[in-house]
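Could you walk me through this structure, one selection at a time? I have it open in a viewer and would like to know what to click on next.

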Amino acid sequence: MRIFHVSEESDIQVFQPRVPTRTDLDFTKGLVWAIDDNCLPNFLTPRNCPRVCFHSGANTTEIDKRTYLTSTSYTHVVVIENKWFTRMRNTKLFLYEFDIKQFTLQDENAGYYVSETTQTPIAKFEVVDLLQEQIKRNVELRCVDNLWGIYDDIQKTTFNWSMCRMHFAQPRI
């Protein structure tokens, strides 16, 4: 398994632990965050792009697959707002790979790994075409006017899901 930190910054040499902003985590411990290769597509978007991501897991039912997947060839979906599509086309990302031995699993469903110590990447990769990278990873990218409907619906399914940067999403309609 491989783990990465995704950034729009091209020149990060060292990752220092940062205090989490999530209220469900211990704010007294700084963390370096990484994502596993399976959930990496969830982060192949501009940083502040709100998104609803889901993928099939061991417990995903056939009825959920038929209801929420548009093709049997896709098992992973990233849903963004229409207004972010152009920015996604024009954003370049850098994937900083870490030695997984330095990290512990924080959330299996979302693919999050954390370390409480300073980390130095073992490799760096540039991703120039985010759409092509999603296609290469067999991920369906969907664009919608408003994310809140799929946000509410997908949480009631058997998919593994992750919601990112929703505070930047358009208001509920």
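Start by selecting Gln106, keeping in mind that this is a predicted model. Its relative accessibility is 25%, so Gln106 counts as partly exposed, since buried would need under 20% and exposed over 50%. This residue sits in strand S6.

Now show what surrounds Gln106. Apart from neighbours within four places in sequence, its contacts are Arg22, Leu25, Trp33, Tyr112, Tyr113 and Val114. Add Ala34 to the selection as well: Gln106 and Ala34 lie 72 residues apart in sequence, while their C-alpha atoms are 9.6 Å apart in space.

**The sheet of six strands**

Next, widen the view to the sheet that S6 belongs to. Here six strands make an open sheet, and reading across you meet S6-S7-S2-S1-S5-S8, with antiparallel pairing. Look at the two ends of that order: S6 (104-107) and S8 (123-127) are the edge strands, and each has a single partner strand, so one side of each has no neighbour in the sheet. If you turn the view, you can follow the twist: neighbouring strands are turned by 40° against each other on average, direction ignored.

For a look at one pairing, select residues 32-36, which are strand S2, together with residues 112-115, which are strand S7. These two run antiparallel and are joined by four bridges. To pick out one of the bridge pairs, click on Val32 in S2; its partner in S7 is Ser115.

**The sheet of four strands**

Move on to the other sheet on this tour. It is open too, with four strands in the order S9-S4-S3-S10 and mixed pairing. Its edges are S9 (139-144) and S10 (160-164), each with a single partner strand, so one side of each is left without a neighbour in the sheet. From one strand to the next, the twist averages 15°.

Where does the parallel pairing come in? Select S4 (residues 76-81) and S9: these strands run parallel, joined by six bridges. Within this pairing, Val78 has Leu141 of S9 as its bridge partner.

Now select S3, residues 51-55. Is this strand enclosed or open to the outside? Five of its five residues are buried, so S3 is largely enclosed by the rest of the structure. Show the side chains: Arg51, Cys53 and His55 point one way, Val52 and Phe54 point the other way, and all are buried.

Strand S3 has a partner on each side in the order S9-S4-S3-S10. With S4 it runs antiparallel over five bridges, and Phe54 is bridged to Val77 there. With S10 the pairing is also antiparallel, again over five bridges, and Arg51 is bridged to Cys164 of S10.

**The cysteines**

For the last stop, colour the cysteines. How many disulfides does a search of the whole structure find? The count is zero. Select Cys39 and Cys53 to check one case: the closest cysteine sulfur to that of Cys39 is in Cys53, 8.8 Å away, which is too far for a bond, as a disulfide needs the sulfur atoms within 2.5 Å. Cys49 is in no disulfide either, and its nearest cysteine sulfur, in Cys143, is 8.6 Å away.

Finally, switch on a surface and look for these two residues. Cys39 is buried, at a relative accessible area of 1%, and Cys49 also counts as buried, at 0% relative accessibility.

Note on methods
Residues are numbered from 1 along each chain as its sequence is written. This is a predicted model: local features need pLDDT of at least 70, side-chain atom pairs count only at pLDDT 80 or more; totals for chains, interfaces and linings use all residues. Side-chain values use heavy atoms; hydrogens and water are left out. Two strands pair if DSSP finds at least two bridges between them. Axes are lines fitted to C-alpha atoms, for helices over the stretch in contact, and angles run from 0 to 180 degrees between N-to-C directions. Buried means under 20% relative accessible area, exposed over 50%, partly exposed in between (1.4 Å probe, protein chains only). Contact means heavy atoms within 4.5 Å.
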